[in-house]
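Please work through the exercises below with the sequence and the model side by side, and try each task before reading its solution.

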Amino acid sequence: MRPGLTPTVALLLAAVGCKSVAGPRAVSASQDPPSVAVPTANQGTSSVAPDSAAPAGAIAPAPEAIGAPAGSVYPIHGYMTSTYRGRWTNGDHDNDVYETLALDLGDPARNPWTGHVMARVDADIDGKGGSSSVFHDLDDTFDGTIQPYLYDAWMERRDLGSLERVRLGRQTLWDTPVFAWFDGASMETKEFGTAHWKLGAYGGMPVHLYESSRAGDFLAGAYAEARPWKGGQARLDGMYLEDETELGQHTNDLWHAGLTQALGTHLRLDGGWTRLEDTNRDVSASATWWDAATDFNVRASYFQLLTTQKSLASEVDPYFATLSELFPYQQIGLLASKGLSTKVRVQAGVDLRRVSDDGDIGQFNRDFERYFGTVTLLDTFSSGITSNLTGEIWNGGGSDIETWGLDLAKSFSKAFEASAGSVYALYTVEDLTGEERDHVRTYYVRLRWKRTAATTWDLRFDVEDMDPDPIETVRAGLTWRF
């Protein structure tokens with residue numbers, strides 16, 4: 001590794017013993033990132049600005065790796081991103097910096113053991129904000145102004161006898177019945193038998209959001225996959241969870257069965273069923289049809305929560321402490337997209353949600369209807385601008401809301417691109433404070449400069465037009481790939 005990484009690696013090692021926080025999905029250091037400039041994450045919004053999936057200052061998915069020198073015995077490559085975020089409103093301000101490091105260790109084609117590490121260090125430049133500040137966040141609840149976080153740190157051995165892989169360390173699993181993020185071990189067998197069986201197991205200590213103690217927490221699970229007939233795949237999961245919270249000790253058993261069937265080359269059907277303890281929890285189904293020749297795709301989905309979700313292990317229901325009980329409901333979705341030409345694409349859809357019992361309708365258990373459509377014009381204008389125009393209609397809780405969003409983007413060269421636009425949120429939830437804001441329209445401008453093959457600069461300016469005072473945010477970042 002290059003000498004310039006030494007200070008950050010020291011911070012990374014210090015992060016191993018720190019409090020764990022939620023992080024983004026683990027990414028390889030060979031993936032391409034969005035801008036480090038990210039708007040406030042929107043929940044239940046009518047439209048979402050680009051790069052809104054990650055919280056402000058969060059780790060961006062890794063950029064394209066430059067790669068290790070040819071002939072390296074144990075190559076190490078990845079990226080490092082430095083981000084500044086400044087926020088201002090009437091009489092209040094906040095300035096923070098974020099240092100992110102992601103490493104891919106080794107080459108599976110040459111090295112028996114490979115690994116992945118992702119960590120971040122947050123620093124409050126102007127000191128901890130008081131609890132009365134609109135910018136007060138969870139970083140301010142710690143004693144110091146510098147907080148290190150470790151997201152991933154695992155080593156993996158592949159092709160070990162009958163095992164396809166064995167992984168040790170801090171890791172995430174996304175195809176389990178609920179998201180699993182833990183310190184421990186996981187393993188998966190190679191396919192075997194005429195039905196193409198594959199078995200897996202995992203276990204360890206869960207990683208929870210800003211939890212002061214992990215005593216009494218544990219998770220473990222196992223699964224079996226098979227492809228017993230043409231176009232079909234079946235999977236059965238069992239998951240055991242222990243979670244000691246302020247509300248008491250929770251012990252939950254969760255089961256999930258899923259089935260996927262491809263019919264021809266254009267249609268796929270998916271179905272799932274989940275059982276919690278001795279009660280059926282939910283069922284789901286979807287059908288997806290696609291045709292590359294006509295550039296047409298459509299997906300229909302159905303989900304039904306069968307039983308009231310109460311206080312459970314955090315992995316099963318992370319929102320109970322804030323939102324209380326979630327009552328049974330049904331939700332149907334339909335999404336279709338069509339390319340009308342090489343430069344015009346349209347997308348439209350509808351989401352319908354109905355609470356099973358009218359008596360259960362409340363602030364966080366509502367019926368709603370959402371209709372939306374997007375028109376994308378690819379390099380249509382003489383100036384080479386690509387535009388996305390989105391319109392939405394929300395009908396729920398006795399209110400009807402119509403809104404729009406617009407994004408304009410232009411590449412001036414292979415190295416420089418810019419975009420600007422506006423997005424409306426029915427409500428937003430501040431990333432770290434959890435504060436809810438209603439009817440927020442955000443205007444943004446973003447610039448990206450790929451100065452060299454190894455370095456990229458990003459700059460973004462946002463204005464959230466809201467009562468009583470607008471909030472202005474500047475984010476500037478530098479990403480170095482190695």
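The exercises that follow deal with confidence, strand pairing, one buried residue and a nonpolar core.

This is a predicted model, in which local features need pLDDT of at least 70 and side-chain atom pairs count only at pLDDT 80 or more, while totals for chains, interfaces and linings use all residues. Residues are numbered from 1 along each chain as its sequence is written, and side-chain values use heavy atoms, with hydrogens and water left out.

**Exercise 1.** Find the mean pLDDT of the protein and the stretches where pLDDT stays under 50.

Solution. Begin with pLDDT, the predictor's confidence in each residue, from 0 to 100. Its mean for the protein is 83, and 81% of the residues reach 70 or more. Next, look for stretches under 50: residues 32-66 are one of them, and the model has 126 contacts (heavy atoms within 4.5 Å) for this stretch beyond four places in sequence. Residues 429-434 also stay under 50, with 18 such contacts.

**Exercise 2.** Determine which strands pair with β1, and whether β1 is largely enclosed or not.

Solution. Strands (E, at least two residues) are DSSP runs, numbered from the N terminus, and two of them pair if DSSP finds at least two bridges between them. On one side of the count, 14 bridges join β1 to the antiparallel strand β2 (residues 92-105), with S82 standing opposite E99. These two strands form a hairpin with two residues between them, and G91 in the turn has a positive phi of about 80°. A further 10 bridges join β1 to β22 (residues 471-481), also antiparallel, where T81 has T479 as its bridge partner. Finally, 10 of the 14 residues of β1 (residues 76-89) are buried (under 20% relative accessible area, 1.4 Å probe, protein chains only), so the strand is largely enclosed by the rest of the structure.

**Exercise 3.** Describe the surroundings of L276.

Solution. Locate L276 in strand β11 (residues 267-276), where its relative accessible area of 8% makes it buried. Then consider D253, which is 23 residues away in sequence but 5.9 Å away in space, C-alpha to C-alpha. Beyond four places in sequence, the contacts of L276 include D253, L254, R281 and V316.

**Exercise 4.** Identify the residues that touch the most other members of the largest nonpolar core.

Solution. A nonpolar core is a set of buried Ala, Val, Leu, Ile, Met, Phe, Trp, Tyr and Cys residues joined through side-chain atoms within 4.5 Å. Of the 14 residues in the largest one, F182, Y202, M239, L241 and V316 touch the most other members. The elements giving two or more residues to this core are β6 (180-189), β8 (218-226) and β9 (232-245).

Terms used: Buried means under 20% relative accessible area, exposed over 50%, partly exposed in between (1.4 Å probe, protein chains only). Helices (H or I, at least four residues) and strands (E, at least two) are DSSP runs, numbered from the N terminus.
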